[in-house]
Amino acid sequence: MIEVKNLTKKFGPHVAVDNISFTVNDGEIVGFLGPNGAGKTTTMNMMTGFLSATEGTIRINGYDILDEPIKAKKQLGYLPDVPPVYGDMTVEEYLNFICDLKGVKKASRKAMLNDIVMTVQIKEVYKRLVKNLSKGYRQRVGLAQALVGDPEVLILDEPTVGLDPKQIIEMRALIRKLGEKHTVILSSHILSEVSAVCDRVMMINRGRIVATDTTEGLSNKAGNSLQMVTVKGDGYAACEKLDVWADIESAEIASDNGDGTYDIKVKGRDEADIRELIFTTLAHENIPILSLKPVTLDLEEAFLKVINGELEDNETLSVTMVEGTDEKEAE
Amino acid sequence: MSAIVKKELRTYFNTVTGYGFLGFFVLITGYFFVSQNIVAANANYNETLAGSMIMFLILVPVLTMRLFAEEARQKTDQLLYAAPVKVTDIVIGKFIAAAVLLLIGIAITLVFPYLLSRSGQLAWGMTFVGMFGYFMMGICLISVGIFISVLTDNQIVAAAATFAAVFLLLMMDNISSSAPISVGSSVVFLVIVVAAIALTVYTSTKNITVAGIFAIIGYVIMGVLYFINPNIYDGVIVKVLSWFSVLSRFENFYMGILSVSDVVYYITFTCAFLYFTVNVIEKRRWS
């Protein structure tokens with residue numbers, strides 16, 4: 001359990017983190033989402049005790065990071081944005097050093113390291129020098145380091161940056177798996193990543209939390225209620241036929257492709273799943289559907305909206321994800 | 001703490017640093033042993049120690065340049081400071097590792113006095129006191145090197161600055177002997193020192209009032225002292241500078257005298273610089 005209250009960090013006149021408060025419950029996977037320089041890393045550095053807060057408190061499982069740093073840090077595993085590995089050690093030496101550093105008892109060490117090595121899959125490089133490892137393996141060794149000592153809370157700063165697509169998928173699966181036993185906080189500037197891995201998302205911009213929602217809430221809003229349909233034939237007739245249903249709020253031509261096909265944007269009412277309805281309606285009218293896809297881009301756009309909205313007007317800070325999406329859809 | 005000591009020692013011997021240090025240490029000591037003892041047919045091993053002290057110029061930077069600068073460059077400092085370990089333990093751990101390497105070097109060179117004792121009368125007591133003083137002086141310089149290493153994330157800069165600092169400390173006797181001793185120069189010197197302290201207070205607290213109070217109190221004390229007894233200002237610069245002369249403190253050890261005040265001096269000096277190092281790290285977290 002992590003409790004952050006009124007956290008502020010100033011670097012001279014620059015306010016990196018501006019009075020943010022949040023709570024992360026046991027067993028949750030929470031994502032910090034924000035553009036580069038939003039204050040994600042600074043917040044994480046304060047949570048791990050690497051930086052001190054200008055104001056505010058951080059409690060890890062009830063221990064204040066300033067008053068009882070050793071106890072609080074024992075609850076934490078931290079993977080910084082650059083994996084903190086020593087090039088001139090082998091993976092084995094490195095992990096043993098981490099065990100020493102975190103005060104892991106000799107008796108339980110072997111079993112624990114075995115476990116970790118299996119979890120993050122670094123068995124094949126265990127005896128190699130860290131400096132000869134690829135970025136992906138270094139990242140995994142960094143993660144292994146965070147897992148040493150079996151901390152309840154894991155803080156992962158952009159864990160997938162610099163990895164290739166296959167490694168990204170593996171890393172996400174790994175984080176999901178770790179989330180079963182640990183409380184995880186991770187940061188990212190990639191929306192799809194956060195929504196793929198996290199239970200809850202906090203959007204951070206310019207040192208403030210601008211929106212927070214569960215991933216389910218996010219994906220529902222994106223969901224299947226907004227579809228882009230490409231049809232062949234009379235697009236206007238298709239719109240007319242679709243518009244009559246109670247579940248469909250609107251159907252309008254998004255573009256006339258000029259080759260006898262039309263893109264139609266169909267919006268469901270009250271976030272209803274309208275895919276079947278679209279199919280049966282148009283099938284009945286003999287209008288072939290060439291493609292049908294949910295408009296997922298909206299999430300990214302909503303994200304940008306939240307952020308840009310803040311840039312334009314600081315008063316609209318309370319703007320939430322929902323409003324962001326609605327605005328988009330209202331257009 | 002032991003984790004840090006073990007890790008630093010491992011790094012010394014995983015890289016060329018440890019072997020390079022020991023090799024160079026034994027080589028230079030051996031050279032002075034040949035010239036001061038063998039060729040000169042002299043049974044006083046402390047001559048060799050005094051002569052070979054010059055190599056601290058090279059060896060202290062070699063030992064200390066990497067310790068904190070490399071952690072900062074590799075970003076592994078985040079690992080250390082986020083681990084459940086006190087900053088003090090980290091600093092002391094690194095210091096102990098460097099001191100241990102120096103101790104290993106000194107232990108290897110025990111073979112030289114042993115050779116002397118085989119072929120003549122060697123005053124073992126005097127030799128051990130000399131070696132002890134030599135070690136104490138070494139750890140003083142190491143603490144300075146560690147302090148410099150924490151100020152930068154560039155090993156080369158750390159090495160060059162440490163070289164300069166060790167050079168100044170070893171030359172301090174020469175510098176202080178040519179320093180002005182008049183009351184006027186002392187007052188100017190102290191005014192600058194007080195101003196520097198006030199400036200440091202200002203940069204660390206960002207509070208002009210507190211810094212101003214510091215400066216005013218300092219100048220008031222100076223003024224009062226001047227009216228009570230102006231002679232107190234005689235040769236202040238020399239006194240202050242010679243306090244930093246780690247070399248002059250070695251003289252007693254060289255003569256085989258184990259003087260408590262010199263041991264205390266070396267320990268105080270070392271602790272002060274380690275304390276500064278801890279403070280720099282702590283302050284960085286708050287800035």
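1. The 13 residues of helix 1 (residues 2-14) of chain B should span 18 Å at 1.5 Å a residue, and the end C-alpha atoms of this helix are indeed 18 Å apart, which agrees. This, like everything that follows, is read from a predicted model. In helix 1 of chain B the buried residues are Ala3(B), Ile4(B), Val5(B), Lys7(B), Glu8(B), Thr11(B) and Tyr12(B), a list in which Lys7(B) and Glu8(B) stand beside Ile4(B) and Val5(B). The cover over these buried residues includes helix 3 of chain A as well as helix 2 (16-39) and helix 6 (87-108) of chain B.

2. The contact between the two chains can be taken next. Chain A contributes 23 residues to the contact and chain B contributes 20 residues. On the side of chain A that touches chain B, the elements that give two or more residues are helix 2 (69-74), strand 6 (76-79) and helix 3 (91-101) of chain A. Of these, helix 3 of chain A supplies the largest share, 4 residues, and helix 3 of chain A is also included in what covers the buried residues of helix 1 of chain B.

3. Which residues have the most contacts inside the largest nonpolar core? They are Tyr94(A) and Leu141(B), in a core that has 134 residues. The element that gives the most to this core is helix 8 (residues 124-150) of chain B, with 14 residues. When neighbours within four places in sequence are left aside, Tyr94(A) is in contact with Val85(A), Tyr86(A), Met89(A), Val130(A) and Val141(A). Another core, of 14 residues, lies apart from the one just described, and among its members are Ile248(A), Ile274(A), Ile278(A) and Ile287(A). As general background, nonpolar side chains tend to be buried together in soluble globular proteins.

4. For chain A as a whole, there are 12 helices and 14 strands, and buried residues make up 43% of its 331 residues. Among the contacts in chain A between residues at least 6 apart in sequence, 66% join residues that are at least 24 apart.

5. Strand 1 (residues 2-11) of chain A runs antiparallel to strand 4 (residues 55-60) of chain A, and 5 bridges join them; the bridge partner of Thr8(A) in strand 4 of chain A is Glu55(A). Strand 4 of chain A also pairs in the antiparallel sense with strand 5 (residues 63-64) of chain A, over 2 bridges, and here Arg59(A) has Asp64(A) as its bridge partner. The hairpin made by strand 4 and strand 5 of chain A has 2 residues between the strands, and in it Asn61(A) takes a positive phi near 50 degrees.

6. Helix 6 (residues 165-181) of chain A has 17 residues and reaches 25 Å from its first C-alpha to its last, close to the 24 Å expected at 1.5 Å a residue. Where do the buried residues of this helix lie when seen down its axis? They fall within an arc of 65 degrees, so they line one face of helix 6 of chain A. The buried residues in question are Met171(A), Ile175(A) and Leu178(A), and they pack against strand 7 (153-157), strand 8 (183-188) and helix 7 (191-197) of chain A. The face of the helix turned away from this buried side carries the exposed residues Pro165(A), Lys166(A), Ala173(A), Lys177(A) and Glu180(A).

7. Later in chain A, 4 strands form an open sheet in the order 12-13-11-14, with antiparallel pairing. Its edge strands, each of which pairs on one side only, are strand 12 (248-256) and strand 14 (289-294) of chain A. Neighbouring strands of this sheet are turned against each other by 20 degrees on average, direction ignored. Strand 11 (residues 226-232) of chain A pairs with strand 14 of chain A in the antiparallel sense over 5 bridges, and Val231(A) stands opposite Ile289(A) in strand 14 of chain A. Helix 9 (residues 235-243) of chain A packs on the sheet, where it touches strand 11, strand 12 and strand 13 (261-268) of chain A, and its direction makes about 170 degrees with that of strand 12 of chain A.

8. One residue of this sheet merits a separate remark. Lys267(A) is found in strand 13 of chain A and is partly exposed, with 18 other C-beta atoms within 10 Å. Although Lys267(A) and Glu249(A) are 18 residues apart in sequence, their C-alpha atoms are 5.6 Å apart in space.

How values were computed
Residues are numbered from 1 along each chain as its sequence is written. Chains are lettered from A and ligands numbered from 1 in the order in which they are written. This is a predicted model: local features need pLDDT of at least 70, side-chain atom pairs count only at pLDDT 80 or more; totals for chains, interfaces and linings use all residues. The expected span of a helix is 1.5 Å times one less than its number of residues. A residue is buried if 20 or more other C-beta atoms lie within 10 Å of its own, exposed if 12 or fewer, and partly exposed in between; C-beta atoms are placed from the backbone. The arc is that of the directions from the helix axis to the C-beta atoms. Two residues are in contact if their C-beta atoms, placed from the backbone, lie within 7 Å. A nonpolar core is a set of buried Ala, Val, Leu, Ile, Met, Phe, Trp, Tyr and Cys residues joined through C-beta atoms within 7 Å. Two strands pair if DSSP finds at least two bridges between them. Axes are lines fitted to C-alpha atoms, for helices over the stretch in contact, and angles run from 0 to 180 degrees between N-to-C directions.
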